[in-house]
Amino acid sequence: MERKKRIEKILSFNLKKWTIQVIDISHKHKGHNSFDGVNETHFSLLLYPNFKDKVNKIEIHKKINH
């Protein structure tokens with residue numbers, strides 16, 4: 001859970017007005033390149049704005065990859 005918590009912390013800091021859900025989907029990649037499915041390697045992000053303003057997708061992308 002170390003990597004997942006780091007991702008949640010970074011996103012929470014950069015997207016304060018958002019509800020953020022980080023889902024570890026690493027188990028779905030078991031067998032790819034000898035991966036055993038145990039380590040945290042793949043994540044799905046669900047982001048929900050807590051406001052009604054229009055969302056600029058490029059700005060959100062920049063904040064995620066900051």
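In this predicted model, a polar contact of 2.6 Å joins the side chain of Ser26 to that of Asp24. The side chain of Ser26 also has a backbone partner, reaching the nitrogen of His42 at 3.0 Å. As for where this happens, Ser26 is found in the loop that runs between strand 1 (18–24) and strand 2 (43–49). A loop residue it may be, but Ser26 counts as buried, because its relative accessibility is just 1%, against a cut-off of under 20%.

That loop between strand 1 and strand 2 also holds Asn39. Here the picture is another one: with a relative accessible area of 48%, Asn39 is partly exposed, since that label covers whatever falls between the 20% and 50% cut-offs. Asn39 can also be placed relative to Arg3, which sits 36 residues away along the chain. In space, the C-alpha atoms of Asn39 and Arg3 are separated by 9.4 Å.

Next come the aromatic rings. The structure holds one aromatic pair, made up of Trp18 and Phe51. The two rings meet edge-to-face, with 5.5 Å from centre to centre and 85° between the planes. Distant parts of the chain are linked by this pair, as Trp18 belongs to strand 1 while Phe51 lies in the loop between strand 2 and helix 2, 33 residues apart. The partners can be told apart by their accessibility. Trp18 is buried, because its relative accessible area of 12% falls under the 20% cut-off. Phe51, at 26%, is partly exposed.

Another ring has a charged residue for company: Lys16 lies over the face of Phe13, at 4.0 Å from the ring centre.

Trp18 and Phe51 turn up again when it comes to empty space. The largest pocket offers about 180 Å³. It is lined by 13 residues, and those closest to its centre are Trp18, Phe51, Lys54, Ile60 and Lys63. So which element gives the largest share of the lining of this pocket? That would be helix 2 (residues 57–64), which supplies three residues. In chemical terms, the lining of the largest pocket is a mix: six residues are charged, five are nonpolar and two are polar.

Terms used. Residues are numbered from 1 along each chain as its sequence is written. This is a predicted model: local features need pLDDT of at least 70, side-chain atom pairs count only at pLDDT 80 or more; totals for chains, interfaces and linings use all residues. Side-chain values use heavy atoms; hydrogens and water are left out. On a 1 Å grid over the protein atoms alone, a cavity is a set of points where a 1.4 Å probe fits but cannot get out, and a pocket is an open set with protein on both sides within 12 Å along at least five of seven lines; lining residues have an atom within 4 Å of a point. Grid points are joined across faces, edges and corners, and a volume is the space filled by probe spheres set on the points. Helices (H or I, at least four residues) and strands (E, at least two) are DSSP runs, numbered from the N terminus. Ala, Val, Leu, Ile, Met, Phe, Trp, Tyr, Cys and Pro count as nonpolar, Asp, Glu, Lys and Arg as charged, and the others, Gly among them, as polar. Buried means under 20% relative accessible area, exposed over 50%, partly exposed in between (1.4 Å probe, protein chains only). A polar contact is a pair of N or O atoms within 3.5 Å; within protein, one must be able to donate a hydrogen and the other to accept it, and residues adjacent in sequence count only if both atoms are side-chain atoms. Rings of Phe, Tyr and Trp (its six-membered ring) pair if their centres lie within 6.5 Å; planes under 30 degrees apart count as stacked, over 60 as edge-to-face and the rest as tilted. A charge sits over a ring if NZ of Lys or CZ of Arg is within 6 Å of the ring centre and within 35 degrees of the ring normal.
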